[in-house]
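Visitor: I would love a close look at a single part of this protein. Could you walk me through it slowly, as I am new to reading structures?

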Amino acid sequence: MKRDYYEVLGVDRGADDAEVKKAFRRLARELHPDVNRHDPEAEEKFKEAAEAYQVLSDPDRRGTYDTFGHDGLQRGGWAPRTDAFGSFEDVLSAFFGRGDPLFSELFGFGRPGPASGGDIPASVEIELADVLTGATREISFEAVSTCERCRGNGAEPGTPIRPCETCGGSGELREAVRTAFGQLVRTGPCPTCNGAGRIPESPCEECGGEGRIVRTRTWDVEVPPGIEPGQRIRITGAGHAGEAGAGAGDLYVQVVIADDERFERHGQDLVTVVEIPVTRAMLGGTVAVPTLEGEQQVNVPAGAQPGEHVLLRGLGLPSLRGAARGDQHVVLDIRVPAKLNREQHELAERLDESLGPDGGPRHGRRSRRRVGRR
């Protein structure tokens with residue numbers, strides 16, 4: 001059973017935001033692994049305190065908890081994030097950010113490694129017919145890229161890179177600060193070299209010593225057969241370039257499938273509505289039906305009814321999993337002429353007399369006709 005969040009932080013239910021934050025700071029200081037080295041459960045206790053703080057510091061979550069308790073938060077879709085992180089500082093950094101005063105006051109920043117590149121969202125449009133065969137489309141997007149002139153080191157080719165004089169090449173600075181909890185050593189990236197530990201003597205003329213530039217990049221995106229509308233294709237390493245020594249982000253391409261007025265898509269199946277004259281519905285015949293593989297002549301049974309389906313097996317779309325293709329459903333829309341000339345009117349009257357007041361014999365409910373691939 002989860003403990004009461006107010007009990008975890010040691011505050012009463014009427015505590016204001018300042019009291020909640022003060023209580024969490026106190027617990028964070030007590031449970032910091034550099035201070036509390038004898039309690040093997042210190043980190044788990046901190047995660048519990050961080051979870052309580054995450055709820056009680058947010059007015060909406062706190063209101064839900066006060067009214068409905070832990071079950072109310074769960075029913076509302078909220079879940080603690082602490083279990084997704086492995087260390088004490090991971091939890092705090094995830095909740096508040098390393099730039100938050102609470103993080104820096106309690107623990108210092110620590111020397112961050114080189115930052116990985118960010119992900120890039122993009123989109124590509126294809127035709128419905130491309131879903132059948134797959135397609136390759138070229139897209140363009142703006143991306144932070146490694147400078148080709150200096151190959152990412154920030155120095156003009158042929159010039160030296162010297163150690164940073166400010167940090168002595170370590171890439172970090174340490175500072176002892178006094179807080180309400182005692183003296184703590186704060187460690188942060190060197191502002192001169194931005195944590196790199198080295199400075200180019202002659203900055204690259206192309207990137208100004210940054211090692212990266214923003215440029216337009218093109219990429220051939222392979223769209224697999226069977227793709228669904230809105231699905232994303234992940235291209236690893238095609239995102240923004242990271243800092244020196246760090247990996248690039250990823251490119252996420254969302255697939256947009258253009259509408260095709262001839263078809264309506266239902267998963268792997270396609271639906272096509274075709275008009276046929278009323279006489280063809282009565283007498284039977286053939287009708288031209290568009291498919292993704294070209295036009296096909298489909299037999300119409302005599303006595304076809306409005307809305308009746310003809311099934312073209314295997315003429316639908318493939319699956320991403322490589323399963324058999326879906327089917328195409330042809331819906332018959334019977335067209336009745338809005339106006340008849342005198343001869344046609346007389347013929348219709350004679351037919352009406354021949355069929356009688358009930359309109360002639362009716363067949364039972366017709367099952368869908370199945371037509372294989374031609």
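At what angle do α3 and helix α4 pack, and how far apart are their axes?

Guide: Happy to help! Please keep in mind that this is a predicted model. Let us begin with your two helices and then look at their surroundings.

Two packed helices are described by the angle between their axes and the distance between the axes. Helix α3 covers residues 42–56, and helix α4 covers residues 59–75. They pack at an angle of about 130°, and their axes lie 9 Å apart. An angle over 145 degrees would count as roughly antiparallel, and one from 65 to 115 as roughly perpendicular. The angle of about 130° falls in neither range, so α3 and α4 are oblique to each other.

Now for the residues that touch. On the α3 side you will find Q54, V55 and L56. Across from them, α4 brings R61, R62, Y65 and L73 to the contact. Sorted by character, the residues of this contact are four nonpolar, one polar and two charged.

While you are in α3, have a look at E51, which belongs to that helix too. Is E51 buried or exposed? Its relative accessibility is 8%, and buried means under 20%, so E51 counts as buried. You can also trace a link from E51 to P80: these two are 29 residues apart along the chain, yet their C-alpha atoms are separated by 6.1 Å.

To see where the helices belong, step back to the whole chain. The protein chain has 374 residues, and 37% of them count as buried. Its secondary structure consists of nine helices and 16 strands. Among contacts with a separation of 6 or more, 64% join residues that are 24 or more positions apart. The chain exposes about 22,200 Å², with carbon and sulfur atoms supplying 47% of that area.

Some of those strands make a good second stop. Three of them form an open sheet in the order β1-β9-β8, with mixed pairing. At the edges are β1 (120–126) and β8 (232–235), each pairing on one side only. On average, neighbouring strands of this sheet are turned by 25° against each other, direction ignored. Strand β9 (residues 251–257) pairs with β1 in the parallel sense, over seven bridges. If you want one spot to find on screen, P121 stands opposite Y252 in β9.

Strand β1 also shows a neat alternation of side chains. I120, A122, V124 and I126 point to one face and are buried. P121, S123 and E125 point to the other face and are not buried.

Our last stop is T146, in strand β2 (residues 135–146). With a relative accessibility of 41%, T146 counts as partly exposed. Leaving aside neighbours within four places in sequence, T146 is in contact with R151, G152, G211, R212 and A241. The C-alpha atoms of T146 and A248 are separated by 9.6 Å, although the two residues are 102 residues apart along the chain.

One of the contacts of T146 is R151, found in the loop between β2 and β3 (161–163). R151 has a relative accessibility of 74% and counts as exposed. Look at its backbone as well: the phi of R151 is near 60°, a positive value in a residue other than glycine.

Technical notes:
Residues are numbered from 1 along each chain as its sequence is written. This is a predicted model: local features need pLDDT of at least 70, side-chain atom pairs count only at pLDDT 80 or more; totals for chains, interfaces and linings use all residues. Side-chain values use heavy atoms; hydrogens and water are left out. Two strands pair if DSSP finds at least two bridges between them. Helices (H or I, at least four residues) and strands (E, at least two) are DSSP runs, numbered from the N terminus. Axes are lines fitted to C-alpha atoms, for helices over the stretch in contact, and angles run from 0 to 180 degrees between N-to-C directions. Buried means under 20% relative accessible area, exposed over 50%, partly exposed in between (1.4 Å probe, protein chains only). Contact means heavy atoms within 4.5 Å. Accessible areas come from the Shrake-Rupley method with a 1.4 Å probe; for residues, only the protein chains shown count as cover. Angles under 35 degrees count as roughly parallel, over 145 as roughly antiparallel, 65 to 115 as roughly perpendicular and the rest as oblique. Ala, Val, Leu, Ile, Met, Phe, Trp, Tyr, Cys and Pro count as nonpolar, Asp, Glu, Lys and Arg as charged, and the others, Gly among them, as polar.
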